[in-house]
Amino acid sequence: MAFFDAPYPTDPNYVIVDTDYTSFSVVYACTKFRQYLWYLSRAETVTQEWRDQMHAIAAAALPNFNFSMMANPATDDIQGT
């Protein structure tokens, strides 16, 4: 599996930081130019409590990630239905 139309690699170009295999995943990827972090949920909408929990998981696993560069979840990058 690959993101961003990258050529299909022999190894994935992302890391699953954490998942419960049924309701959420925290996924990280890094290129030469930037880092990416996704909080993925099977729920159509999520609570602030859920976002805070995902952030805590990511912050513990990725202490050097620049969280200030993330999209605002209240207005940006929400998939919805």
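Is Phe65 buried or exposed? At 11% relative accessibility, Phe65 counts as buried, where buried means under 20% relative accessible area, exposed over 50% and partly exposed in between, with a 1.4 Å probe and protein chains only.

**Before starting**

The model is predicted: local features need pLDDT of at least 70, side-chain atom pairs count only at pLDDT 80 or more, and totals for chains, interfaces and linings use all residues. Residues are numbered from 1 along each chain as its sequence is written, and side-chain values use heavy atoms, with hydrogens and water left out.

**Stop 1: the whole chain**

Display the protein chain as a cartoon. One helix and three strands make up its secondary structure; helices (H or I, at least four residues) and strands (E, at least two) are DSSP runs, numbered from the N terminus. Read from the N terminus, the order of elements is β-β-β-α. The protein chain has 81 residues, of which 20% count as buried. Its exposed area is about 6,300 Å², with 53% supplied by carbon and sulfur atoms; accessible areas come from the Shrake-Rupley method with a 1.4 Å probe, and for residues only the protein chains shown count as cover.

**Stop 2: the sheet**

Select the three strands. They form an open sheet in the order β1-β2-β3, with antiparallel pairing; two strands pair if DSSP finds at least two bridges between them. Strands β1 and β3 (35–41) stand at the edges, each with a single partner strand, so one side of each has no neighbour in the sheet. From one strand to the next, the twist averages 15°. Now select β2 (residues 24–30): four bridges join this strand to β1, and the two run antiparallel. One position to highlight is Ile16, whose bridge partner in β2 is Val27.

**Stop 3: the end of strand β1**

Select Thr19, which belongs to strand β1 (residues 15–19). At 17% relative accessibility, Thr19 counts as buried. A polar atom of the Thr19 side chain lies 3.0 Å from the backbone nitrogen of Tyr21. A polar atom of the Thr19 side chain also lies 2.7 Å from the backbone oxygen of Phe24. Not counting residues up to four places away in sequence, Thr19 touches Phe24 and Ser25, a contact being heavy atoms within 4.5 Å.

**Stop 4: the helix**

Select α1, which lies across β1, β2 and β3 and runs at about 140° to β3. For such angles, axes are lines fitted to C-alpha atoms, for helices over the stretch in contact, and angles run from 0 to 180 degrees between N-to-C directions. Within α1 (residues 48–61), pick Ala58. Ala58 is buried, with a relative accessible area of 0%. Leaving aside neighbours within four places in sequence, Ala58 is in contact with Val26, Leu37, Tyr39 and Phe67. Although Ala58 and Val27 are 31 residues apart in sequence, their C-alpha atoms are 8.7 Å apart in space.

**Stop 5: the aromatic rings**

Return to Phe65. Rings of Phe, Tyr and Trp (its six-membered ring) pair if their centres lie within 6.5 Å; planes under 30 degrees apart count as stacked, over 60 as edge-to-face and the rest as tilted. How many aromatic pairs are there by this rule? The count comes to three. The rings of Tyr28 and Phe65 have centres 6.2 Å apart and planes at 80°, so this pair is edge-to-face. The pair links distant parts of the chain, with Tyr28 in strand β2 and Phe65 in the segment after α1, 37 residues apart. Next add Phe67: the rings of Phe65 and Phe67 have centres 4.9 Å apart and planes at 65°, so this pair is edge-to-face. Ring pairs link Tyr28, Phe65 and Phe67 into a cluster.

Technical notes. A polar contact is a pair of N or O atoms within 3.5 Å; within protein, one must be able to donate a hydrogen and the other to accept it, and residues adjacent in sequence count only if both atoms are side-chain atoms.
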